[in-house]
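Work through the exercises below with the sequence and the model open side by side. Each task is followed by a solution in steps.

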Amino acid sequence: MGGANGKSGLRVWRNARLATMADGVAVLGIVEKGAIAARDGLIVYAGAEADMPASAGQGAETVDCEGRWITPGLIDCHTHLVYAGNRANEFEMRLAGATYEEVARAGGGIVSSVKSLREASEDELVAQTLPRLDALMAEGVTTVEVKSGYGLDLDNEKKSLRAARRLANERPVTVRTTCLAAHALPPEAHGGKDAFIDLVAGTILPDVAAEKLADAVDGFCEGIAFSPEQMARVFDKAKALGLPVKLHADQLSNLHGAALAASYGALSADHLEYTDEAGAAAMAKAGTVATILPGAYYFIRETKKPPVELFRRHGVKMAVATDSNPGTSPLTSLLLTMNMAATLFGLTVDECLAGVTREAARALGLLDKAGTLESGKSADLAIWDIERPAELVYRMGFNPLHARIWRGQ
C-alpha cells in the first residue's frame with residue numbers, strides 16, 4: 001500500500017475497521033466501517049465511511065483496505081537503540097551463575113557498551129543501528145525515541161545523538177532524541193559522581209542544546225547510578241535550557257524517583273517497579289506518564305512488578321516500550337513487548353494498545369501530532385491482517401502487519 005500520492009496529494013483508505021485510540025473514547029475508539037483521508041501527510045478525516053464529507057475524498061487516490069484493521073502507527077517511546085557491539089558474552093556469564101558485580105568486574109555492564117561506542121565512528125553507529133530500527137518498523141512502528149548514554153563524555157554523547165538524528169534521514173520514521181548523559185559513571189571519573197554531574201550539567205547539556213541534538217533530557221536515578229539530589233541538578237539545567245525531562249526511576253529500589261520526576265513535570269518516569277503510592281499520586285497530579293518496560297524485567301529476571309493497580313487507581317497514564325538496549329533488554333519487537341506487558345504485568349489489551357500509540361505519544365510530548373487517528377494528526381498508520389485488535393497482544397513471534405504508512409506514504 002505504498003506508492004505515490006494522487007495528483008491532489010490526497011489519499012483515502014476505505015473499507016477499513018479503525019481503532020482510533022482517541023482520548024476519552026470508549027474501548028479503543030472502534031469504527032466498524034471506517035475510512036481515513038489524508039492530505040499532505042496529515043489526517044483530514046477519520047471516522048465512519050458513510051459520514052465522510054464528499055470534499056475529503058474528491059480526486060483522491062483510494063486504497064481499499066478489504067476490511068482490515070487500521071491503528072495509529074506504533075510508537076516505541078523508550079529505546080537505547082544506538083550502540084555498538086553487543087553483550088551476549090555477559091548473558092552467557094550470567095547463565096553460568098555470574099553475578100552483576102562479577103560481570104562488571106570482568107569489564108561488562110554499561111562500561112562495556114561505553115568502550116564499544118567510543119571506539120565506533122558515527123557512520124558505524126548508524127550502520128549497526130539500522131537493522132534494529134528496521135525490525136521495529138517491520139512491525140508498524142512509525143515513531144521511535146532514541147537515548148544516548150553510552151558515550152558519557154561530550155564528544156561521544158554528541159556522536160551518539162547525531163547518529164540517532166541521522167536515522168530519520170535513512171528511513172521513513174519519526175525519531176525523537178533524548179540526552180541520557182547521566183546514565184552511568186564513566187571509567188575516567190574514578191567514582192567522582194558529583195564532578196561528573198558537574199560535567200553533564202555544566203558542559204554536555206548546554207552544548208547538546210546549542211546544537212539542537214536532543215528533544216529531552218533523561219537520567220538514571222538509582223543506587224548504582226545517581227542520587228535524587230544529583231538528578232535534580234541535571235533537571236534544573238535541562239529546564240533552564242528549555243528541554244523537557246524524563247527519568248529512569250525506581251527500577252531496583254525506591255529512591256522516590258517517580259515523585260522527583262513528577263516535581264519537574266516530567267513527560268514520563270520509566271521502569272517504576274518500586275514506585276510507591278505517593279509516587280503514583282504525584283505522577284497523576286503532574287500528568288507524568290508511567291512507561292512500563294517488561295523486556296528489562298523479563299531479561300534480568302526481576303521479581304518485583306511495577307504497581308499497575310496503583311497507576312490505574314490514581315489515573316496515571318501508562319505507556320509500553322521495548323527499552324531496546326544491549327545489556328538488559330535486547331528486544332526489538334513492540335508486539336512481543338505488548339504480550340509481555342499483558343502476561344507479566346496484567347495490562348489489558350486496551351492498555352497495551354493505548355500504551356504503544358496514544359500514551360507513548362504523550363510520553364514523548366507528541367500527542368498533538370501523533371498517537372491517534374484524528375483530524376490534524378500525522379497520517380501514521382499501521383494496517384493489520386487481523387480479525388480483532390486483541391491478536392496484536394495475544395500472539396508471540398508473529399507479525400500480522402499488512403502495511404505501514406508514515407506521513408501519508
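**Exercise 1. A glutamate and its surroundings**

Which residues does glutamate 157 touch, not counting residues up to four places away in sequence? The model is a predicted one.

Solution.
Step 1. Find the residue: glutamate 157 sits in helix 6, which covers residues 154–170.
Step 2. List its contacts. Glutamate 157 touches Ser148, Gly149, Tyr150, Gly151 and Leu152, and also Cys179, Leu180, Ala181 and Ile204.
Step 3. Look at what the side chain reaches. The backbone nitrogen of glycine 149 is 3.1 Å from the side chain of glutamate 157. A polar atom of that side chain also lies 3.0 Å from the backbone nitrogen of glycine 151.
Step 4. Check accessibility. The relative accessible area of glutamate 157 is 0%, so the residue counts as buried, the cut-off being under 20%.
Step 5. For a distance check, take the C-alpha atoms of glutamate 157 and glycine 85: they are 17 Å apart, with the two positions 72 residues apart along the chain.

**Exercise 2. The nonpolar cores**

Find the members of the largest nonpolar core that touch the most other members.

Solution.
Step 1. The largest nonpolar core has 90 residues. Val144, Met231, Val234, Met283 and Phe311 are those that touch the most other members.
Step 2. Take valine 234 from that list. Leaving aside neighbours within four places in sequence, valine 234 is in contact with Ala182, Ile197, Val200, Leu205 and Val217.
Step 3. A second core, separate from this one, has 16 residues, including Cys65, Ile383, Ala403 and Ile405.

**Exercise 3. Salt bridges**

Which parts of the chain does the salt bridge between arginine 68 and aspartate 385 tie together? Repeat the analysis for two further pairs.

Solution.
Step 1. Start with the total: there are 32 salt bridges.
Step 2. In the pair of arginine 68 and aspartate 385, the N to O distance is 2.5 Å. Arginine 68 is in the loop between strand 4 (61–64) and strand 5 (69–72), and aspartate 385 is in the loop between strand 14 (381–384) and helix 16 (391–394), so the bridge ties together parts 317 residues apart in sequence. Arginine 68 is buried at 15% relative accessible area, whereas aspartate 385 is partly exposed at 40%.
Step 3. Arginine 14 and glutamate 49 form a salt bridge at 2.7 Å, N to O. Arginine 14 belongs to strand 1 (residues 10–19) and glutamate 49 to the loop between strand 3 (42–48) and helix 1 (54–57), so this pair links parts 35 residues apart in sequence. Arginine 14 is partly exposed at 29%, and glutamate 49 is partly exposed at 26%.
Step 4. In the pair of arginine 312 and glutamate 309, the closest N and O atoms are 3.1 Å apart. The two residues are three apart in helix 12 (residues 308–314), which means that about one helical turn separates them.
Step 5. Finish with a network: salt bridges link Asp23, Arg358, Glu359 and Arg362.

**Exercise 4. The largest pocket**

Which residues that line the largest pocket are the closest to its centre?

Solution.
Step 1. The largest pocket holds about 800 Å³ of space.
Step 2. Its lining has 33 residues, of which Arg87, Tyr100, Ile110, Ile224 and Thr328 are the closest to the centre.
Step 3. Assign the lining to helices. Helix 2 (88–95), helix 3 (100–105), helix 4 (110–119) and helix 11 (294–299) each supply at least two lining residues.

Notes: Residues are numbered from 1 along each chain as its sequence is written. This is a predicted model: local features need pLDDT of at least 70, side-chain atom pairs count only at pLDDT 80 or more; totals for chains, interfaces and linings use all residues. Side-chain values use heavy atoms; hydrogens and water are left out. Helices (H or I, at least four residues) and strands (E, at least two) are DSSP runs, numbered from the N terminus. Buried means under 20% relative accessible area, exposed over 50%, partly exposed in between (1.4 Å probe, protein chains only). Contact means heavy atoms within 4.5 Å. A polar contact is a pair of N or O atoms within 3.5 Å; within protein, one must be able to donate a hydrogen and the other to accept it, and residues adjacent in sequence count only if both atoms are side-chain atoms. A nonpolar core is a set of buried Ala, Val, Leu, Ile, Met, Phe, Trp, Tyr and Cys residues joined through side-chain atoms within 4.5 Å. A salt bridge is a side-chain nitrogen of Lys or Arg within 4 Å of a carboxyl oxygen of Asp or Glu. On a 1 Å grid over the protein atoms alone, a cavity is a set of points where a 1.4 Å probe fits but cannot get out, and a pocket is an open set with protein on both sides within 12 Å along at least five of seven lines; lining residues have an atom within 4 Å of a point. Grid points are joined across faces, edges and corners, and a volume is the space filled by probe spheres set on the points.
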